[in-house]
Amino acid sequence: MSLWEYANPNRFMRLTDKVLPYLVVVTALFMGVGLFWGFFLTPDDYKQGSTVKIIFLHVPAAMMAINIWVMMLVTSLVWLIRRHHVSALAAKAAAPIGITMTLIALFTGAIWGQPMWGTYWAWDPRLTSFMILFVFYLGYIALWAAIEDPDTAGDLTSILCLVGSVFALLSRYAVNFWNQGLHQGASLSLDKEEHVDSAFSTPLYVCIIGFVLFFITLVLLRTRTEIRLRRASALLARERQG
Amino acid sequence: MIALLKRDLALALRSGGGFGLSLAFFLIVVMFVPFGVGPETSILSKIAPGILWIGALLSCLLSLDRIFQLDFEDGSLDLLATSPLPLEGIVAMKATAHWLTTGLPLTLAAPFLGFLLNLPGPAYLWIFLSLLVGTPALSFLGTFGAAITVGLKRGGLLLSLLVLPLYIPTLIFGAQSVTLVADGLDNTTAFLVLAAVSLLTFALIPFVAARALKVNLR
C-alpha cells in the first residue's frame, strides 16, 4: 500500500469522500474553540489592549500563506516528475486559498499596525515580502487562467512555481538587505524561549491547527471540484466527437 | 549558435523598432519623472538611481514578447527546436541577442540620462557598471517569461505580470549598489550579490526556459 495509489483520481475521490465529513467537523471544532478562546477568554495585553487578539487570525494566516506556497512547490514537483494529475490539480486548487491567506495576513496586520505603530503600512521587510508573495501568487493564478489545455497549463505553472520559489526566496533576502525592520521577530518558535505568554500561545496553537485543517479541507474540496470539472469537459469533448 | 546570434541581431536591427524603441521609451520615462515630482534638483538627484533602474527595467520589458513570438508564428522556432542545437543553447543565444539589442544600449545611455536627473558625481560610474552587470539578468528572466507565454494569444500583459516579480532582487541590488555610492557608503556587497543573481540566471534560466518551450511546442 503506497501513498502514490491515491494519485489515481478514482481512489482519491473515494478516499476523500469518506474522510471529508469527519474533517469538516474536526476543522469546525478546532477553529471554533481556538477563535472563541482567543477572542473571548484571553486577557487584554497591558500595552496593546484588546488589539492583541488579532494575533489569532494574523499569525496562522501568515504561516499558511507561506506554507501553501511550499505545498504548491511540492505538488508541482510531483506533477513534473511523476505526472500525477491530482497533484497538478491540488496545486491549482491551493493557489487561491494561498492568496486569500496572504491578503488576510496583510489586512489584519494593517488593522493592528494603525493603533500600535501609528501607520497602516510601512516598507518593512516582512510586510514587503508578503506584498511580493502576493504578486507571485497573482502571476501563478493568472497563468493557470490564461492557458486552455490543462496539461500544458499544469506544466507551465509548475515550472513557474519552481522558478518563482527561487526568486521569492531571493527577494526575501534582498528586501532584508534593503531596509531595516519595524516588525517584531517570530511570535512562536520551537527551540527558543517563547516571546508570547502561554495565555496567548495555547489558543494560538489551537488556531494554527484549525487553520491547517481548514486549508486541508478546502484544498480537498477544491481538488474534487477540479477533478469533476476535468471529467465534465472530457465528457463534453467525447460527445462533440461522437 | 553564433550564426543564430547573428541572425537574431540582424533581424532585430533591420526590422526596425525594437532597438530604438526601448531607448526612446527609456528617455521618455526619465523625462516624465521631473514632470511628476517637480524640477527640484535635490529631490531628483536623490531618486535618480532608482528612476534609471526602473526605467531600464520597464524598457527591457517592452521588447520581451518579440523574443520568441515571431519565430513561433512563422514556424522557424519548430525548425530551431528540431535542429541539432540543444534548445538550452538556443534560449541562451536568444537571451544574449535580446541583451545586445536592449540591455547594452540602455546601459550605454543611462549615464547620459543621469545628467538630466542630476545624478551625484561618483554614481555615474556605478549606474553604468550596475546596469552592465544587471541587465543580462533582466534579459534572461525575460526570455523565461517569453518562453512560458509564447503559445498564448494575448501574452503581453501576462508576460509582465510573470516577469516583473522575478525582477525584484535584480532591481533592489542594482539600485542599491548605486544609491549606496551616491550616499557615500560602501556598495561592495550589493554589487557582488547583483553579479551573483545575474550568474544564477545564466545557469538556471536556459534549462527551465527550454523546458517551457518544449511544452509549448508539443
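Between which two helices of chain B is the loop that holds B:N118 found? Read on to the view of that loop for the answer. Everything shown here comes from a predicted model.

**View 1. Chain B as a whole is built from helices, with 10 helices and 0 strands.** Walk along chain B from the N terminus and you meet α-α-α-α-α-α-α-α-α-α. The C-alpha atoms fill a box of roughly 55 × 35 × 30 Å along the principal axes. A compact globule of 218 residues would have a radius of gyration near 17 Å, and the 18 Å of chain B agrees with that. Of those 218 residues, 51% count as buried. Contacts reach far along the sequence, too: among those in chain B with a separation of 6 or more, 81% join residues 24 or more positions apart.

**View 2. Here is how confident the predictor is about chain B.** The average pLDDT of chain B is 87, and 97% of the residues score at least 70. Among the elements of this chain, α7(B) has the highest mean pLDDT (93), while helix α1 (residues 2–14) has the lowest (75). Keep a simple caution in mind: where pLDDT is low, the predicted coordinates should not be read in detail. For the model, the scores are ipTM 0.88 and pTM 0.89.

**View 3. Chain B meets chain A, with 18 residues of chain B in contact with 22 residues of chain A.** On the chain B side, the elements giving two or more residues are α7 (123–149), α8 (156–166), α9 (168–182) and α10 (188–217). What kinds of residue make up this side of chain B? They divide into 16 nonpolar, 1 polar and 1 charged.

**View 4. Zoom in on the loop around B:N118, and you have the answer to the opening question.** B:N118 sits in the loop between α6 (87–116) and α7 of chain B. Its phi is positive, about 60°, although B:N118 is not a glycine. Is B:N118 buried or partly exposed? It is partly exposed, because 16 other C-beta atoms lie within 10 Å, and the buried label takes 20 or more.

**View 5. A loop in chain A offers another positive phi, at A:R83.** This residue lies between α2 (55–82) and α3 (85–117) of chain A. The phi of A:R83 is near 55°, and the residue is not a glycine. With 13 C-beta neighbours inside 10 Å, A:R83 counts as partly exposed.

**View 6. Helix α4 (residues 66–73) of chain B has buried residues B:I67, B:F68 and B:D71.** Seen down the axis of α4(B), the buried residues fall within an arc of 70°, so they line one face of the helix. Here's some background: an α-helix has 3.6 residues a turn, so residues three or four places apart point the same way. The buried residues of α4(B) pack against α5 (76–82), α6 and α7 of chain B. After α4(B) comes B:G75, with a positive phi near 85°.

**View 7. Now look at B:S59, a residue in helix α3 (residues 41–62) of chain B.** Why does B:S59 count as buried? Because it has 26 C-beta neighbours inside 10 Å. Leaving out residues up to four places away in sequence, B:S59 touches B:S22, B:F25, B:F26, B:T102 and B:L106. B:L21 is 38 residues away from B:S59 along the chain, yet their C-alpha atoms are separated by 8.4 Å.

Conventions. Residues are numbered from 1 along each chain as its sequence is written. Chains are lettered from A and ligands numbered from 1 in the order in which they are written. This is a predicted model: local features need pLDDT of at least 70, side-chain atom pairs count only at pLDDT 80 or more; totals for chains, interfaces and linings use all residues. Helices (H or I, at least four residues) and strands (E, at least two) are DSSP runs, numbered from the N terminus. The radius of gyration is taken over C-alpha atoms; the globule rule is 2.2 Å times the number of residues to the power 0.38. A residue is buried if 20 or more other C-beta atoms lie within 10 Å of its own, exposed if 12 or fewer, and partly exposed in between; C-beta atoms are placed from the backbone. Two residues are in contact if their C-beta atoms, placed from the backbone, lie within 7 Å. Ala, Val, Leu, Ile, Met, Phe, Trp, Tyr, Cys and Pro count as nonpolar, Asp, Glu, Lys and Arg as charged, and the others, Gly among them, as polar. The arc is that of the directions from the helix axis to the C-beta atoms. pLDDT is the predictor's confidence in each residue, from 0 to 100.
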